[in-house]
Amino acid sequence: MADNKMENIVNLCKRRGIIFPSSEIYGGIGSTWDYGPVGVHLKNNVKAAWWKSVVQERDDMVGLDAAILMHPDVWKASGHIESFHDPMVDCKKCKKRFRADHLVESIKKQEDGLQLTADELKDLEKAITGVVCPECGGELTAIRQFNLMFKTYMGPVEDSAAVVYLRPETAQGIFVNFKNVANSTRKKVPFGIAQIGKSFRNEITPGNFVFRTREFEQMEIEFFTRPKEADEWHKKWLQDRFNWYVSLGIKPENLRLRPHDPDELAHYARACSDVEYLFPIGWSELEGIANRTDYDLKQHTEVSGKDLSYFDESTGERFIPYVIEPSGGVDRALLAFLCNAYEEISGGRGESGADTEVVLRLHPRLAPIKVGILPLAKKGGLPEIAKDLQTELRKHMMTEYDDARSIGRRYRRQDEIGTPWCITIDFDTLEDQAVTIRDRDTMEQVRVPLAQVKAFVRDKLEES
Ligand code: ATP
């Protein structure tokens with residue numbers, strides 16, 4: 001199963017309205033995906049869980065929603081115009097394009113199971129000598145540097161003065177607002193700013209479903225500290241962010257923190273660790289958590305000419321804060337939650353001995369639909385009771401009403417989209433004013449009085 005797990009997840013996502021290939025009726029467009037009627041809830045729930053954990057439940061964090069289009073000098077200051085490049089090679093025969101480091105790495109992995117060392121990465125030109133195109137055996141071009149930013153023009157005139165970029169990360173919107181936020185909220189260092197938003201990178205080798213796409217969403221934090229406290233805050237954030245994934249059901253054995261080697265670090269970063277998840281494609285980055293020192297605020301001070309230093313009233317010192325940056329991807333986190341939750345049960349779970357059944361064991365807080373409401377018959381007063389129950393519950397949570405086909409098929413549909421609880425309304429309900437609530441994971445069924453259903457489900461959600 002492991003070999004085609006990703007493919008099976010992609011198929012499930014299409015079949016159940018979680019994620020569709022973008023512009024599919026036109027043959028699709030490289031590496032963009034659309035979240036469907038079920039997936040949009042899953043994505044919103046991932047973002048809401050993050051926001052709750054890093055903004056709502058903390059005293060030292062505030063939120064922000066900055067624009068995608070920013071002054072082009074932002075990207076000069078951040079270094080993106082100068083150095084946001086990936087090394088790329090093209091196949092001269094089939095014209096396919098590869099990221100040179102990924103290509104060499106995958107060959108090395110196949111040959112001896114090893115990853116590229118930092119030295120080899122630096123000497124990519126050497127490492128790629130003699131390598132041919134894996135698709136057709138064709139010869140490769142020399143390595144070229146390829147800027148990953150999408151360029152466009154603002155206003156009616158397409159000239160160099162009008163060039164703007166789609167942001168390749170949300171972080172810079174936070175840095176340029178550091179003073180605005182500090183002044184308007186009167187937050188004192190240490191404090192942080194959180195933001196969720198779209199970012200765009202013209203990735204050379206997108207792929208693996210929503211793992212690497214050209215348009216994606218990030219959840220980023222810039223946490224401003226006194227320089228001498230930065231290491232301590234870095235450690236705290238590493239632990240906090242690791243725990244967040246676990247609190248939403250990620251199996252700890254499939255999650256790890258991987259510190260970067262010193263020569264793997266960006267030149268301005270003092271330390272960085274990635275939270276990695278064991279995806280079906282192997283251990284890969286979910287989130288990077290870096291100590292970026294005072295690099296960003298210094299750069300923006302220099303390029304904008306505006307002083308971004310901070311005056312610490314408690315010590316009388318003026319300094320440029322250090323920054324701890326936990327930077328994660330919404331889509332990547334969502335994919336990890338999907339992979340973690342996806343389970344195939346051959347022979348099915350019921351007595352029917354059906355073929356393979358799929359259960360998406362999503363954490364209830366992430367589940368797109370919290371309760372399925374399933375009247376056993378389309379008549380005899382059952383639909384009216386079911387509709388009334390839905391009216392009551394839908395004020396508090398996403399519900400789905402389903403009266404089509406057999407109850408077994410309806411359960412399977414809800415299991416496949418990860419609905420934690422299914423409520424059936426049967427003919428006994430007319431007598432005892434109670435319904436049956438089935439638990440997705442244990443398949444246990446309990447009889448609950450209609451009047452207590454709302455409290456029952458809300459308590460379960462709270463406890464989860
Ligand atoms: P990678 O090495 O995988 O390209 P990165 O180190 O360049 O990632 P960052 O710049 O640190 O990534 O971005 C922070 C987070 O944003 C990543 O951990 C990832 O979750 C997400 N992310 C970055 N690029 C993409 C992408 N092309 N598609 C989806 N998510 C992305």
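Here's a quick briefing on the chain shown above, from its overall layout down to a few single residues. Keep in mind that this is a predicted model. The chain has 464 residues, 32% of which count as buried, and its secondary structure comes to 16 helices and 23 strands. Helix α10, the shell around the ligand, and the residues P252 and K43 get most of the attention below.

**Overall layout**

- Measured out along its principal axes, the C-alpha trace spans about 75 × 65 × 50 Å.
- Among contacts with a separation of 6 or more, 64% link residues 24 or more positions apart.
- The domain assignment splits things into domain 1, made of 2–70 + 164–338, and domain 2, covering 369–463.
- Taken over C-alpha atoms, the centres of domain 1 and domain 2 are 37 Å apart.
- Contact between the two domains involves four residues of domain 1 and four residues of domain 2. On the domain 1 side, those residues are two nonpolar, one polar and one charged.

**Helix α10**

- This helix runs over residues 230–247, and its 18 residues should span 26 Å at 1.5 Å a residue. The C-alpha atoms at its ends sit 25 Å apart, which agrees with that expectation.
- Its buried residues are A230, W233, H234, W237, L238, R241, F242 and Y245. Looking down the axis of α10, these fall within an arc of 165 degrees, so they line one face of the helix.
- Turned away from that buried side is a face carrying the exposed residues Q239 and V246.
- The cover over the buried residues of α10 includes five strands: β10 (215–225), β11 (255–259), β12 (271–279), β13 (282–291) and β16 (322–329).
- After α10 comes G249, with a positive phi near 100 degrees.

**Around the ligand**

- There are 16 residues around the ligand, and F216, G288, S327, G329 and R332 come nearest. The elements giving two or more residues to this shell are β10, β13, β16 and α12 (330–341).
- Strand β13 supplies the largest share of the shell, with four residues.
- If you're thinking about the chemistry of the shell, it breaks down into eight charged, six polar and two nonpolar residues.
- Three of the strands named here also turn up in the cover over α10: β10, β13 and β16.

**P252, in a loop**

- You'll find P252 in the loop between α10 and β11.
- P252 is exposed, because just 10 other C-beta atoms lie within 10 Å, and the cut-off for exposed is 12 or fewer.
- Y277 is 25 residues away from P252 along the chain, and their C-alpha atoms are separated by 9.2 Å.

**K43, in a helix**

- K43 belongs to helix α2, which covers residues 39–56.
- K43 counts as buried because it has 20 C-beta neighbours inside 10 Å, and 20 or more is what the label takes.
- Setting aside neighbours within four places in sequence, K43 is in contact with Y35, V330 and L334.
- K43 and R226 are 183 residues apart along the chain, with 34 Å between their C-alpha atoms.

Technical notes:
Residues numbered from 1 in each chain as written. Predicted model: local features only at pLDDT ≥ 70, side-chain atom pairs only at ≥ 80, totals over all residues. Expected span 1.5 Å × (residues − 1). Arc of directions from axis to C-beta. Contact = placed C-beta atoms within 7 Å. Near = placed C-beta within 6 Å. Nonpolar A, V, L, I, M, F, W, Y, C, P; charged D, E, K, R; others polar. Domains from an automatic or database assignment.
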